[in-house]
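Colleague: I would like to go through this model with you before I plan anything around it. Could we take it one question at a time?

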Amino acid sequence: ALLPSLRSSGRFWQVSDVAGSHPCLLAPNLVLRNKSARGWSNIPFITVPLSRTHGKSFAHRSELKHAKRIVVKLGSAVVTRGDECGLALGRLASIVEQVSMLQNQGREMMIVTSGAVAFGKQRLRHEILLSQSVRQALHTGQNQLKDMAIPVLEARACAAAGQSGLMALYEAMFTQYSICAAQILVTNLDFHDEQKRRNLNGTLHELLRMNIVPIINTNDAVVPPPEPNSDLQGVNVISVKDNDSLAARLAVEMKTDLLIVLSDVEGLFDSPPGSDDAKLIDIFYPGDQQSVTFGTKSRVGMGGMEAKVKAALWALQGGTSVVIANGTHPKISGHVITDIVEGKKVGTFFSEVKPAGPTVEQQAEMARTGGRSLAALQPEQRAEIIYHLADLLTDQREEILQANKKDLEEAENKGRLALPLLKRLSLSTSKLNSLAIGLRQIAASSQDSVGRVLRKTRIAKDLELEQVTVPIGVLLVIFESRPDCLPQVSALAIASGNGLLLKGGKEALHSNQILHHLTQEALSI
């Protein structure tokens, strides 16, 4: 095949086919000749399957690894230092490294960045201090230098002074990974004027085709002062008032698979992060805004969390998945972007697909709460629950066998179970009687399951060390086509005061449903 496009990307080579639309990676065992190299290098052929038809956002985090076109939005708090004057160079270098890594995997990366105002403020303050020190040294003497006051700097002037330096810094950092970066400054008119919009779209697509990382920012030197957000509700209308709305608009315009919004908080909380009862929301669904109380915006920036959520929901409606995460935490900022793309539980993931029941995390929390309630009961109370479950197995025998018969018929009709598995799946009157006897034995021996002293050692006078049996907390048990495991394991968990998560096989669906219902009924006494 012809290879019309071949460029080096650090340790990898970026290769496109004749149409230039199917990039893949090569890294040391395919023999290629590098013009600047003196010898040949052996590079193994690696293909990253990232093709995806845009149109609907990802439903689950695990699907994010398939994202091909990604926008990373860097908030002002991420790019700037804590003193709000100057850039956080180490943090920025780490972000560039992660973006370069994903770019070299064959993805199409774009960055929406803040920081021009902060960088310009640093430069202008330095110039003003230098100018004032010279003038005052000539006219009033050195003793009044310490009394100099720095005037309030106009944000648009700071942006004009800082934009070139910010881009030069990005260019220098990406050069270390053999990646070219390009700057694009936009305003609201660039999206609302049809001709400018087409020009912008064409420029971005051409840059991505050439394996160049576009770095986009609002043209803060000419934009008017910000106004309150009032038009983020509709799918077809969004104004570029800050970099949050810019990133959302850009993501939808470019049919981006994933928008990563990095700020100085872990994600979206159900109440302001500073409050005691604030809880991080793992997955946020459209319509959940009423359950969230928004606080004030960050120390720098224009949008705040409410603006981020509105922009994220707008992008989600346009078919782009969104994650809001912390880009400033020193323990995770070095891999936060790659972790998100790998589908790890980082920040808040926005999804349009709301599960019918509680999430896995919610089920685990419920099991923990239930386990603590069981552990607080007296041994006699836990034994009474197990005795009641044993009685239910015999009283509801016909219903259990009827549900099990349905499972057996479905398994036989589909022919998906071997004979030994069918025997495990089958329940009978004798099996249920044996189960009930076994549960009563567990109840009888459960009196000292929790709180039994196994060993006692006298350390000193009036000081003894005891080894006592206590609940583990939450148990997770996975069983396949053995519905009789459900009441057995449940009885053991109840006797030991532990919460329980059970994962049964789908071939025993009807049997597990009725056995689970009976267990819940026993627990309700």
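Colleague: Is P273 buried, partly exposed or exposed?

Modeller: This is a predicted model, and P273 is found in its loop between β9 and β10. P273 touches V265 and A278, not counting residues up to four places away in sequence. Buried would need under 20% relative accessible area and exposed over 50%. With a relative accessible area of 47%, P273 is therefore partly exposed.

Colleague: How many salt bridges does a search of the whole structure find?

Modeller: Side chains of opposite charge can pair when their charged atoms come close. The pair counts as a salt bridge if a side-chain nitrogen of Lys or Arg is within 4 Å of a carboxyl oxygen of Asp or Glu. By that cut-off, the number found in the whole structure is 15.

Colleague: Which residue meets E253 in a salt bridge?

Modeller: The N to O distance in this salt bridge is 2.8 Å. The pair links helix α7, which holds E253, to helix α6, with the two positions 56 residues apart. E253 counts as buried at 16% relative accessibility, while its partner counts as partly exposed at 27%. That partner is R197.

Colleague: And where is the residue that pairs with D244?

Modeller: D244 and K308 meet through their side chains in a salt bridge of 3.5 Å, N to O. D244 is in helix α7, and its partner lies 64 residues apart from it in sequence. Both are buried, D244 with a relative accessible area of 6% and K308 with 8%. K308 is in helix α8.

Colleague: What is the distance between the closest N and O atoms of E466 and K456?

Modeller: E466 is in strand β14 and K456 in strand β13, 10 residues apart. E466 counts as partly exposed at 39% relative accessibility, and K456 also counts as partly exposed, at 49%. They form a salt bridge, and its closest N and O atoms are apart by 3.6 Å.

Colleague: D220 is buried yet has no salt bridge; how far away is the nearest side chain of opposite charge?

Modeller: D220 is found in the loop between β8 and α7. Its side chain has a polar contact of 2.7 Å with the side chain of T218. Leaving aside neighbours within four places in sequence, D220 is in contact with V117, R156 and A159. The nearest side chain of opposite charge is that of R156, at a distance of 8.8 Å.

Colleague: Why do the buried residues of α14 line one face of the helix?

Modeller: The buried residues in α14 are L432, L435, A436, L439, I442 and A443. An α-helix has 3.6 residues a turn, so residues three or four places apart point the same way. What covers the buried residues of α14 includes α11, α12 and α15, whereas the face turned away carries the exposed residues I437 and Q441. Seen down the axis of α14, the buried residues line one face because they fall within an arc of 120 degrees.

Colleague: Which residue has its backbone nitrogen 2.7 Å from a polar atom of the side chain of N498?

Modeller: N498 lies in the loop between α15 and β16, and at 5% relative accessibility it counts as buried. The N498 side chain also makes a polar contact of 2.8 Å with the side chain of S496. Leaving aside neighbours within four places in sequence, the contacts of N498 include P471, I472 and L475. The backbone nitrogen in question belongs to G473.

Conventions
Residues numbered from 1 in each chain as written. Predicted model: local features only at pLDDT ≥ 70, side-chain atom pairs only at ≥ 80, totals over all residues. Heavy atoms only, no water. Helix = DSSP H or I, 4+ residues; strand = E, 2+ residues; numbered from the N terminus. Buried < 20%, exposed > 50% of the residue type's maximum accessible area, 1.4 Å probe, protein only. Lys, Arg positive; Asp, Glu negative; His and termini not counted. Polar contact = N/O pair within 3.5 Å; in protein donor to acceptor, adjacent residues only side chain to side chain. Contact = heavy atoms within 4.5 Å. Arc of directions from axis to C-beta.
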